[in-house]
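Below are some comments on the model, set out as numbered points so that each can be checked against the coordinates. They move from strand pairing to individual side chains and then to the chain as a whole.

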Amino acid sequence: MSNHYEALGVSQDASPEEIKKAYRKLARKLHPDVNPGPDAADQFKRVGHAYDVLSDPQKRRVYDTTGNENGTDNGFGGGFSGQGFAFQDIFETFFGGAGGGGGPASRMRRGQDALITVPISLRDAVFGVNKKIEVDTAVVCPTCDGSCSRPGTSPKTCDICGGSGQVQRAVRSILGQVMTTAPCGSCQGFGTIITDPCHECAGEGRVRNRRTLTVKVPAGVATGTRIQLGQQGEAGVAGGPSGDLYVEIKVESEQNFVREGDDLHATVSVPMTAAALGTDINLDTFDGERELTIKPGIQSGEVMTLRGLGVTHLRGYGRGDLKVHIHVETPTRIDSEQEELLRQLASARGEQYSDGKLVSSGSGMFARLRDRLGNL
């Protein structure tokens, strides 16, 4: 005689829940529709018969006491006779609880998300901006308001399924003839049929249209930053909820400023004489005109920092800095009088004959260049 506990892979003191769980797992694995193996059908019969006995408290008690099944065949003979066999469990195992449907399906479906790229200026990235954008997406049909039917009409109940969205059919299996539930082919499982669809949207409940939105772009955004606008994407089918709209920012380059993180970089050219003598210059920034004091003897490549005139921090408070790079201009064309003055200056400084000389790499422009390359 087959040991029913071994057939299900459970111990003799297993609870009814453990027996039921083990049976379902094995039934799914061994059903001939799933497992075409040569021994699968016989194993499936054995598992089903074992569950028929052990799921019934009275049969299990007799089986545990006498080793037989109260006069039934010890083999598989009467295992599927219908006496006490849990057909509901078979339905739940293979058809997800078929026989008691979940009702008609909804026509409404959520719309897709949309993504657009919006260019902004560097100034707008520094301070933020309210940007108007045009979006070409699906919107709720203005004629039927998402109902999908021509105004004045409504969907009719399906004659085939009676509005349930499901139909039952008999299927022959190793268990005999069983009833399964499937979506109605006439109404596609919706329970109703749109006999007079809206002409503008062709029964979809949405149309394409261009609309204008205002996006609040926060200060500190950079190229690649995405802003999510909830339910501003594609309208859903049949009045379903809209998807989201994602706005991807592209910060355009600016002629006078270069962004590096939250700092801005600019280059200022000063004449050789101004670099030697020092001067004050007015510098145009995003915050208006600012005075920049050039100290006497400043060298090309030196950087002057204007605190708090950079890009606003996207997360947190404050702003980055404005880094001003100094470029000393050497005149390329001079007249004879200017040339004579420069020769007198060179003579006075003992520089009329200079072969050049190496300088220490510990400071100056060379050091800054070395450090920058070393960090790459």
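1. Two strands are taken as paired if DSSP finds at least two bridges between them. With that criterion in hand, and bearing in mind that this is a predicted model, one can begin with Val258, whose bridge partner in S11 is His265. Strand S10 and strand S11 (residues 263-271) run antiparallel and are joined by 3 bridges. The two strands form a hairpin with 2 residues between them, and Gly261 in the turn has a positive phi of about 70 degrees.

2. Strand S11 also pairs with strand S15 (residues 322-329), here in the parallel sense and over 8 bridges. Within this pairing, Leu264 has Leu322 in S15 as its bridge partner. Leu322 recurs in the next point, since Leu322 is among the residues in contact with Thr285.

3. Thr285 lies in strand S12, which covers residues 279-285. Is Thr285 buried or exposed? With a relative accessible area of 9%, Thr285 falls under the 20% cut-off and therefore counts as buried. Two polar contacts of its side chain deserve inspection: the side chain reaches the backbone nitrogen of Asp287 at 3.1 Å, and a polar atom of the side chain lies 2.6 Å from the backbone oxygen of Gly288. When neighbours within four places in sequence are left aside, Thr285 is in contact with Arg123, Phe257, Arg290, Leu309 and Leu322.

4. Phe257, one of those contacts of Thr285, also takes part in an aromatic pair with Phe286, which is classed as tilted, with 4.9 Å centre to centre and 35 degrees between the planes. Phe257 lies in the loop between S9 and strand S10 (258-260), while Phe286 lies in the loop between S12 and strand S13 (288-294), so the pair ties together parts that are 29 residues apart in sequence. Both Phe257 and Phe286 are buried.

5. A search of the whole structure finds 3 aromatic pairs. One of them is formed by Tyr23 and Tyr51, which are stacked at 4.2 Å centre to centre with 5 degrees between the planes. This pair links distant parts of the chain, with Tyr23 in helix H2 (residues 16-30) and Tyr51 in helix H3 (residues 40-54), 28 residues apart. Tyr23 is buried at a relative accessible area of 1%, and Tyr51, at 5% relative accessibility, counts as buried too.

6. Helix H3 has 15 residues, and its extent of 21 Å from the first C-alpha to the last is close to the 21 Å expected at 1.5 Å a residue. The buried residues of H3 include Ala40, Phe44, Val47 and Tyr51, together with Gly48, His49 and Ala50. As a general matter, an α-helix has 3.6 residues a turn, so residues three or four places apart point the same way.

7. A separate open sheet can be examined for its order: 3 strands form this sheet as S1-S9-S8, and the pairing is mixed. Strand S1 (114-120) and strand S8 (226-229) stand at the edges with a single partner strand each, so one side of each is left without a neighbour in the sheet. Neighbouring strands of this sheet are turned by 25 degrees against each other on average, direction ignored. S1 and strand S9 (residues 245-251) pair in the parallel sense over 7 bridges, and Ile116 stands opposite Val247 in S9.

8. Arg208 belongs to strand S7, which spans residues 206-217. What is the relative accessible area of Arg208? The value is 52%, and Arg208 is therefore classed as exposed, the cut-off being over 50%. Not counting residues up to four places away in sequence, Arg208 touches Asp136, Thr137, Ala138 and Glu234. Its side chain reaches the backbone oxygen of Asp136 at 3.0 Å and makes a polar contact with the side chain of Glu234 at 3.4 Å. Arg208 and Ala235 are 27 residues apart in sequence, with a C-alpha to C-alpha distance of 9.1 Å.

9. For the chain as a whole, the secondary structure comes to 9 helices and 15 strands. Buried residues make up 32% of the 376 residues in the protein chain. Of the contacts with a separation of 6 or more, 66% are between residues 24 or more positions apart.

Key
Residues numbered from 1 in each chain as written. Predicted model: local features only at pLDDT ≥ 70, side-chain atom pairs only at ≥ 80, totals over all residues. Heavy atoms only, no water. Helix = DSSP H or I, 4+ residues; strand = E, 2+ residues; numbered from the N terminus. Buried < 20%, exposed > 50% of the residue type's maximum accessible area, 1.4 Å probe, protein only. Polar contact = N/O pair within 3.5 Å; in protein donor to acceptor, adjacent residues only side chain to side chain. Contact = heavy atoms within 4.5 Å. Axes fitted to C-alpha atoms, helices over the stretch in contact; angles between N-to-C directions. Phe/Tyr/Trp six-rings, centres within 6.5 Å; stacked < 30°, edge-to-face > 60°. Expected span 1.5 Å × (residues − 1).
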